[in-house]
Amino acid sequence: MKRAENITASIFMVLGIFVIKGATSLIYMTDIGPGPGFFPMWLGVLLLFLGMLLIIQNVFSKKKAEIVSAEPTEPLWPGKAGAIRVAIVVLSLLAVAFFISYVGFRVAIFLLISSLLYTLGKQKILTTLSVAFVGSFGVYFVFTHFLYVELPKASLSLLSALGL
Amino acid sequence: MDTLTLLFHGTQAVFQPLNFLFLILGCVLGQAIGVLPGIGSAAAIALLIPVTLNLSPTASVIMLAGIFYGTNYGGTITSVLMNTPGESASVVTAIDGYQMAKKGRGGPALGIAAIGSFIGGTVGTLGLAFGAQWFSDTALKIGASEYFALMIFAVALVTVLATGSPVKALLMGVLGLLIGTIGIDPDLGIPRFTFGQIKLYDGINFIAIVIGFFGLGEILVNIERKVQDTIYTQVGSVLPNKQDLRDSAAPIARGTLIGFVLGIIPGATSAIASFLSYGVEVNRAKDPSRFGKGAIEGVAGPETANNSFVNANFIPLFTLGIPGTASIAMIMSGMMSNGIVPGPFLFRDNPDFVWTVIASMLIGQVILLVFNLPMVRIWVLLLKIPYSILFVLILEFTLIGAYAVSYDTFNMYVMTISGFFGYLFKKMDFPATPFVLTLVIGPLIEKNLRKSLEISSGEFAIFYQRPMTLILLLGAAFTIIWPVFKWLKMRLKNQKESSRSMNGGA
């Protein structure tokens with residue numbers, strides 16, 4: 001845990017330095033008051049300081065293992081299977097974000113729901129397809145017809161010709 | 001005519017068939033939209049403004065206002081049952097509400113939220129009816145330095161009271177502020193941290209980030225273990241028990257006051273009201289460690305505060321013509337589109353309109369309460385859906401919510417990446433609440449800080465020469481220093497005890 005925290009704190013410190021550097025290229029003070037660089041500059045300084053503080057806190061804190069009871073605790077990070085599940089969800093969403101303007105909401109969401117339900121949800125094929133159909137075509141209909149929320153349509157000519 | 005007579009005439013007008021129909025429609029739509037994650041009242045109102053152009057101005061604004069306050073009722077449901085806040089004001093409700101739902105007490109959480117919302121909303125509207133003129137005079141006296149100090153106070157409360165390390169909480173708070181600086185500088189029009197990307201000129205949409213952080217982040221934590229089907233099966237009785245009501249009475253009273261006071265200040269947000277109320281409740285609790293684990297006070301206070309806020313928010317709009325929030329700005333836009341100009345002359349020039357709308361807000365609270373408690377059971381039916389199916393549908397709504405904020409697929413990327421970071425931060429116990437609060441109010445903090453320093457020609461004396469500013473900033477400093485003092489005291493005590501036991505052992 002502490003190793004992960006120290007790495008995160010270091011990232012915050014690097015971010016702080018980056019922000020300070022970025023803020024110096026902006027105007028710090030104008031004739032009438034603070035400029036665009038004023039606020040970010042101090043935020044960068046705070047990030048750097050707090051990141052450092054977290055590392056110092058971790059370095060100087062006593063080893064808790066002696067104090068904390070020896071109860072088995074859940075590991076911080078998931079095993080391989082868990083990491084794969086997380087990766088599948090994140091990558092699937094990024095894929096939808098990328099492809100949705102080409103294939104449209106209905107196709108993208110149909111594929112998203114059916115693939116996730118089948119792989120992670122372990123649902124039967126009929127349930128998978130039914131939920132995917134309602135979740136994509138049904139939701140699209142409700143949002144566009146009743147809530148007037150325009151959802152992306154396909155830009156690919158083939159799908160566009162099909163009214164998707 | 002006195003206020004009561006005007007309100008009575010307004011009430012009669014509300015019961016005209018068309019006005020009443022659109023009041024019910026507004027409440028139902030608001031409730032439904034609030035349930036849908038990511039589709040906030042501002043977007044919903046904006047979408048419906050064109051529809052209202054064929055209606056009378058009174059019916060239009062009755063419906064738009066109904067959506068506005070109805071959304072808050074609905075937003076609570078997804079916050080509590082799914083940990084997916086529909087509105088930024090409901091973010092804080094998710095902290096304890098969701099924990100209650102996980103323990104099978106989602107029903108009382110929603111019940112107390114509805115009761116608190118009703119009380120807060122009703123008192124807020126009565127305050128609008130009886131004190132609009134007085135409030136307009138008072139609100140005019142509050143300057144930029146006071147706004148700045150008030151927001152810093154709210155941030156201090158939330159940061160310090162977040163569970164876990166205060167340093168981590170502060171880091172998250174600063175991160176939120178930093179993300180808020182991305183985009184075009186509002187004063188000089190210079191791009192900041194945009195890396196030449198036009199998409200970033202308007203900043204990163206905080207609703208997309210919040211949906212990712214809270215909605216997707218939670219799903220990733222759940223999915224990592226394995227897909228479980230029985231996470232939300234038990235919600236218990238919908239009505240709170242006597243103990244719940246006793247525990248919630250004071251938070252509801254305090255939430256009403258906090259929401260109302262903040263509601264009359266243009267620039268404050270309902271998120272500040274709910275976060276501040278939450279902070280106050282944690283601070284006043286005999287056992288603050290219960291918060292974050294399903295304390296009903298953590299639902300009652302914030303939910304009351306945000307509904308009281310929402311209704312009081314009409315005061316600056318109706319009396320000064322100043323929209324306090326994005327949703328109110330949309331309602332103002334709806335009024336203008338219908339030929340009604342909000343501002344000091346509204347009560348004089350359009351008394352029928354304004355008193356009918358105010359009366360509709362009172363009746364709307366009753367409608368929402370009546371709809372809400374029985375309807376909670378209908379929403380609870382959603383819990384029957386297996387989580388292995390539900391999580392995919394929530395994922396879909398997070399995508400729709402992020403997209404519909406500004407009709408831009410870019411926000412889908414923002415939501416997904418935020419969700420992944422939300423997951424990582426959650427794993428390492430970096431609290432999300434300070435991040436979200438500063439993310440929402442960060443631009444306001446910067447704006448008022450800069451405005452204060454512009455007024456004082458760069459002199460920081462403005463922060464200690466104005467009494468209210470000084471009191472609020474001292475309150476913020478005390479809020480941060482007090483837990484550190486307590487922590488040091490406890491550490492010294494532990495050290496003394498351990499050295500005593502070592503000496504005894506030797």
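**Exercises on B:Thr181 and the side of chain B that touches chain A**

B:Thr181 lies in the loop of chain B that joins helix 8 (166-180) to strand 1 (183-184), where helices (H or I, at least four residues) and strands (E, at least two) are DSSP runs numbered from the N terminus. This is a predicted model, in which local features need pLDDT of at least 70, side-chain atom pairs count only at pLDDT 80 or more, and totals for chains, interfaces and linings use all residues. Residues are numbered from 1 along each chain as its sequence is written, while chains are lettered from A and ligands numbered from 1 in the order in which they are written.

**Exercise 1.** Decide whether B:Thr181 is buried or exposed, and find its contacts beyond four places in sequence.

*Solution.* Start from the rule that a residue is buried if 20 or more other C-beta atoms, placed from the backbone, lie within 10 Å of its own, exposed if 12 or fewer, and partly exposed in between. B:Thr181 is buried because it has 22 C-beta neighbours inside 10 Å. Next, take two residues to be in contact if their C-beta atoms lie within 7 Å; B:Thr181 then touches A:Phe39 and A:Pro40 in chain A, together with B:Arg192, B:Phe193 and B:Glu446 in chain B.

**Exercise 2.** Describe the side of chain B that touches chain A.

*Solution.* Begin with the count: 45 residues of chain B are in contact with 54 residues of chain A. Then look for the main contributor, which is helix 17 of chain B with 9 residues. Finally, sort this side by class, which gives 30 nonpolar, 5 polar and 10 charged residues, where Ala, Val, Leu, Ile, Met, Phe, Trp, Tyr, Cys and Pro count as nonpolar, Asp, Glu, Lys and Arg as charged, and the others, Gly among them, as polar.
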